[in-house]
Amino acid sequence: MSDTPLRLYNSLTRQLEEFQPLHPGEARVYTCGPTVYNYPHIGNMRAYVFADVLGRVLEWKGYTLTHVINITDVGHLTDDADAGEDKLEKMAAQRRQSIWDVARHYTDAFKADVRALNIREPSQWTVATDYVPQMIAFAQGIAEKHCYLIDSGLYFDVSTVADYGRLARASTDEGESRIDPVAGKRNPADFAIWRRTPAGETRQMEWDSPWGRGAPGWHLECSVMSGAVLGFPFDIHTGGIDHREIHHPNEIAQNQAHCCTDGLDVAENSGARFWMHNNFLVDRTGKMSKSSGEFLRLQLLIDRGYHPLAYRLMCLQAHYRSELEFSWEGLHAALTRLKRMIMAVEAVTLRHAELVSASNLPESVQRDGKRWTLNQIQGDGAGGLQGQLHTFDGAVSDDLNTAIALTSLEDVLGAKRVEPERKLSLVAAMDRVLGLDLLNLTRADLRIRPKAAQITEAEIKAALERRREARAAKDFATSDAIRDELAAQGVEVMDGDPLGWEWKLG
Ligand code: AMP
Ligand code: ZN
């Protein structure tokens, strides 16, 4: 393991703390997953880029990672604090579709975005509806001491656990004024852990329970799935900052009731040692919301010619705890930066290939970076790149400072008098943390084709080659004609482009 200790910001204690695993050599992480009633917007995906980087950093530091992300397919109401309708029931009714079809469709859409952003699959996806018996058992275990039954369901009495709401930042009054009153609740912040189906109604998703036919509450789901797979207490629980206000305080209250009712001065009593939250991606009009009609999806970025990894890079340029404002100019700048990186990698790869063929050396670069943990690189000697390696490790260890980590990766690419093989190996290792797929991405991948484009990459290359020959022969009429033909097919030839990008699809 490296010299720099890993420090992470713990929302529960409100300070940076050194990460010490609860089980030697292991890191167990739970991430609140999407509610699959609609497509994810790019703000949602920021939460999973953050969790992905966290997992990759834990591995960089030598821990074996177990990561769980759940899929919420039942129980999340239109208002986080127990009011309104079930988001999935509502969408299914609007669409006149089965709730299961709605859930499947949006789960697939979410996973497609996960892949496109090079977010690694977790060790386990847990689907809420698969855990209903465990949820009922969990609720039975805490019902007598911590819950009460009213017409609308079984409610958790937040006054029965110590330090309720310590995680939240909004003052209690502010928080409580957001909560719609429900007849019979003892405290405004009490929340349903089992919602009864109102008499005379049926729901598409409902189960029998000791408290009547109904459905589990959203907060109960995450307590049950995280505890069932990772065991309480586990190391790190993540989510977006909106979860810090209601969802996670409620999960914590249930975890306390389940494990021990002791207070939160001992963080483990909350069920997890660390609670980490990413800040929002906002647009100029404010926070993005997928329940409000129009919103930005990853597919829209792709349709406009932006590779999804340019969006990942945009996320990495900001600290996960800072608000990030989305703009097309910002995305464009991130794409240009990604292009520069890819071209620098191409140049180093070419130089390495020349050296290998000149000397008959074996091709030994570990392109996928698999073998390259920090330990091995240090053991192997970073070959003149120790400074960059040290900066990179210090940055990611400092509460995931990916912005600095990116610049040290660029410093590696730009370093003078260093063997190309060393550079490529170190870039592979660093990119295993950042996940930009730098050693596999090509210029062709980054030139996303507008849907209407007909001409192929090979045809463009052939035309450009003919144009080069014409220009070499000073036949400028032919050269111009080729440029115009390409333009007619939507290909802009980029003579004199400072990046040397040659052409793009307009
Ligand atoms: P949901 O599907 O609504 O439960 O949200 C999935 C994840 O996205 C949660 O961790 C949210 O906290 C997070 N999230 C929601 N909106 C944003 C946003 N605009 N920026 C960053 N994260 C968000
Ligand atoms: Zn959750």
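Helix H16 buries Ile460, Ala463, Leu464, Arg467 and Ala470, and because these residues cover an arc of only 115 degrees around the axis, they fall on the same side of H16. On the other side of the helix, Ala458, Lys461 and Ala472 are exposed. The buried residues of H16 pack against helix H17 (476–488), strand S17 (491–493) and strand S18 (503–505). All of this is read from a predicted model, in which the mean pLDDT of the protein is 89 and 89% of its residues reach 70 or more.

The length of H16 can be checked against its residue count: at 1.5 Å a residue, the 16 residues of H16 (residues 457–472) should span 22 Å, and the end C-alpha atoms are 23 Å apart, which agrees. Just after H16, Lys474 adopts a positive phi of about 60 degrees.

The nonpolar interior includes a largest core of 133 residues, within which Leu58, Phe156 and Tyr311 have the most contacts. Helix H1 supplies the largest share of this core, eleven residues. Leu58, once its neighbours within four places in sequence are left aside, is in contact with Leu6, Phe19, Ala27, Val29, Tyr63, Leu65 and Ile236. A second, separate core of ten residues includes Ala463, Leu464, Leu486 and Val491; of these, Ala463 and Leu464 are also among the buried residues of H16.

The zinc ion (ligand 2) has three protein donors, Cys32, Cys222 and His247, through the atoms listed here.

| Donor residue | Donor atom | Distance from the zinc ion (ligand 2) |
|---|---|---|
| Cys32 | SG | 2.1 Å |
| Cys222 | SG | 2.1 Å |
| His247 | NE2 | 2.1 Å |

Along the sequence, the donor residues follow the spacing C-x189-C-x24-H. The two cysteines link distant parts of the chain, since Cys32 lies in the loop between strand S3 (26–31) and helix H1 (42–60), whereas Cys222 belongs to helix H6 (residues 218–230), 190 residues apart. Are these two cysteines buried or exposed? Cys32 has a relative accessible area of 5% and is therefore buried, and Cys222, at 0% relative accessibility, likewise counts as buried.

One stretch calls for a separate reading of confidence: over residues 365–373 pLDDT stays under 50, and for these residues the model has 21 contacts beyond four places in sequence.

Conventions: Residues are numbered from 1 along each chain as its sequence is written. Chains are lettered from A and ligands numbered from 1 in the order in which they are written. This is a predicted model: local features need pLDDT of at least 70, side-chain atom pairs count only at pLDDT 80 or more; totals for chains, interfaces and linings use all residues. Side-chain values use heavy atoms; hydrogens and water are left out. Donors are N, O and S atoms within 2.8 Å of the metal (3.2 Å for Na, K and Ca); water is not among the atoms, so sites may look incomplete. Helices (H or I, at least four residues) and strands (E, at least two) are DSSP runs, numbered from the N terminus. Buried means under 20% relative accessible area, exposed over 50%, partly exposed in between (1.4 Å probe, protein chains only). pLDDT is the predictor's confidence in each residue, from 0 to 100. Contact means heavy atoms within 4.5 Å. The expected span of a helix is 1.5 Å times one less than its number of residues. The arc is that of the directions from the helix axis to the C-beta atoms. A nonpolar core is a set of buried Ala, Val, Leu, Ile, Met, Phe, Trp, Tyr and Cys residues joined through side-chain atoms within 4.5 Å.
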